[in-house]
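Hi,

Here is the structure I said I would pass on. Have a look at it first, and my notes follow underneath.

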Amino acid sequence: MTFESTIAFAIAMFLLAVSPGPGIAAAVSRTLGTGVGAGFAVTTGLIIGDIVLLGFAILGLSSVAKAMGPAFEFVKYAGAAYLAWLGWKALTAPAVPLDISAVASPAPWREAAV
């Protein structure tokens, strides 16, 4: 990796870490429901998952872009349009209340999706 791509990777990781989303909701609800240890375990899993995901995405997209050449431009803009459409649908969807209940767990690494 060049220095510029390392900085871009670090910025992307920072933005993922500070942006609210399902990961933040999971960490907050697990912490409030079962304690700080479980929240720390969820947060650690999210961080490791984000690093692995971004690493594979960078490797995969760079190899696809190299193999497809100019045709990758179409795929890139089609993907951007699809993400914009998904964002619009998420913003205009009606709010649905969630039922969150506390669950006791013997160990943070044994946390299961409820």
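**What turned up**

There is one aromatic pair in the structure. Its partners are Y82 and W85, and they are stacked, with 6.1 Å from centre to centre and 25° between the planes. Keep in mind while you look that this is a predicted model.

Both Y82 and W85 sit in helix 4, which covers residues 71-92, and they are three residues apart, or about one turn of the helix. Are these two rings buried or exposed? Neither label fits, because Y82 has 48% relative accessibility and so counts as partly exposed. W85 is partly exposed as well, at a relative accessible area of 47%.

Stay in helix 4 for the charged side chains. The salt bridge count comes to one, and the side chains that make it are K76 and E73, at 3.5 Å from N to O. Why would two such side chains meet? In general, side chains of opposite charge can pair when their charged atoms come close. The spacing here is again three residues, about one turn of the helix, with K76 and E73 both in helix 4. K76 is partly exposed, given its relative accessible area of 39%, and E73 is too, at 37%.

K76 has another neighbour to check: it lies over the face of Y77, 5.5 Å from the ring centre. So if you click on K76, look for both E73, its salt bridge partner, and the ring of Y77 beneath it.

Now over to helix 1, residues 3-18, where you will find L15. L15 belongs to a nonpolar patch on the surface, together with F3, I7, I11, F14 and V18. How much accessible area do these residues have together? The figure is about 630 Å².

Finally, the overall picture. The protein has four helices and zero strands, which reads along the sequence as α-α-α-α. Of its 114 residues, 9% are buried. The protein exposes about 9,000 Å², and carbon and sulfur atoms supply 76% of that area. As for how the chain meets itself, take the contacts between residues at least 6 apart in sequence: 57% of them join residues at least 24 apart.

If you want places to begin, try the stacked rings of Y82 and W85, then the salt bridge of K76 and E73, then the surface patch that includes L15.

Cheers

Conventions: Residues are numbered from 1 along each chain as its sequence is written. This is a predicted model: local features need pLDDT of at least 70, side-chain atom pairs count only at pLDDT 80 or more; totals for chains, interfaces and linings use all residues. Side-chain values use heavy atoms; hydrogens and water are left out. Patches are made of residues with over 30% relative accessible area and no salt bridge: like charges are joined within 9 Å, nonpolar side chains (Val, Leu, Ile, Met, Phe, Trp, Tyr) within 5 Å. Accessible areas come from the Shrake-Rupley method with a 1.4 Å probe; for residues, only the protein chains shown count as cover. A salt bridge is a side-chain nitrogen of Lys or Arg within 4 Å of a carboxyl oxygen of Asp or Glu. Helices (H or I, at least four residues) and strands (E, at least two) are DSSP runs, numbered from the N terminus. Buried means under 20% relative accessible area, exposed over 50%, partly exposed in between (1.4 Å probe, protein chains only). Contact means heavy atoms within 4.5 Å. Rings of Phe, Tyr and Trp (its six-membered ring) pair if their centres lie within 6.5 Å; planes under 30 degrees apart count as stacked, over 60 as edge-to-face and the rest as tilted. A charge sits over a ring if NZ of Lys or CZ of Arg is within 6 Å of the ring centre and within 35 degrees of the ring normal.
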